[in-house]
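Dear colleague,

I am handing over the structure we spoke about, and I would be glad if you could look through it alongside the notes below.

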Amino acid sequence: MKQKIAAWMQGRYGADALSRFMLVVYLILSATQLFPLHTVVRLILQILSATLCVLIFFRLLSRNIPKRTAENTSYLACRRRIKEGVLLRRNRWRYRKTHVYRKCPHCGVQIKLPRVSGEHRCACPKCGDSFAVSIR
Ligand SMILES: [Zn+2]
């Protein structure tokens, strides 16, 4: 039986990070339907979870592997940007008394600088350009 499934899945995309995320969202949507909800809300949740279920199976069984890989790659890039944003905000809060964060005007990267009041020149570690920084 296991070999038959493996032979049937030959050439198909299978599971990836995006499909696992979609599965978690599907399970959360399904779990919310256990609670007493308004009929319209319940109907919307059922439609959403059914659509998600169809999409999960579509991606799992798809033979268009380059397209599914591109979807997963863009999902991973989006997830990485969100993680970096959360990490940056957490670190800004954690080091707010000892450091300041400034954005490089050339490349836009956030630079962590020691909180020393006055006018300074800062060199960006990413692009190498230097710019004026005023810290109060
Ligand atoms: Zn820069």
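What follows is an account of the metal site and of the salt bridges.

This is a predicted model, in which local features need pLDDT of at least 70 and side-chain atom pairs count only at pLDDT 80 or more, while totals for chains, interfaces and linings use all residues. Residues are numbered from 1 along each chain as its sequence is written, and side-chain values use heavy atoms, with hydrogens and water left out.

The zinc ion has as its protein donors (N, O and S atoms within 2.8 Å of the metal, or 3.2 Å for Na, K and Ca) the SG atoms of Cys104, Cys107, Cys124 and Cys127, at 2.2 to 2.3 Å. The angles between these four donor atoms run from 105 to 117°, which makes the arrangement tetrahedral (four donors with all angles between 85 and 135 degrees). Along the chain, the donors follow the spacing C-x2-C-x16-C-x2-C.

There are four salt bridges in the structure, each defined as a side-chain nitrogen of Lys or Arg within 4 Å of a carboxyl oxygen of Asp or Glu. In one of them, arginine 59 pairs with aspartate 16, the closest N and O atoms being 3.1 Å apart. Arginine 59 is buried (under 20% relative accessible area, with a 1.4 Å probe and protein chains only) at 3%, and aspartate 16 is likewise buried, at 6%. Another salt bridge joins glutamate 71 and arginine 68 at 2.9 Å, N to O, and arginine 68 is buried at 5% relative accessibility.

With best regards

Methods: Four donors count as tetrahedral if all angles lie between 85 and 135 degrees; four count as square planar and six as octahedral if opposite donors are over 155 degrees apart and all others between 65 and 115; anything else is irregular. Buried means under 20% relative accessible area, exposed over 50%, partly exposed in between (1.4 Å probe, protein chains only).
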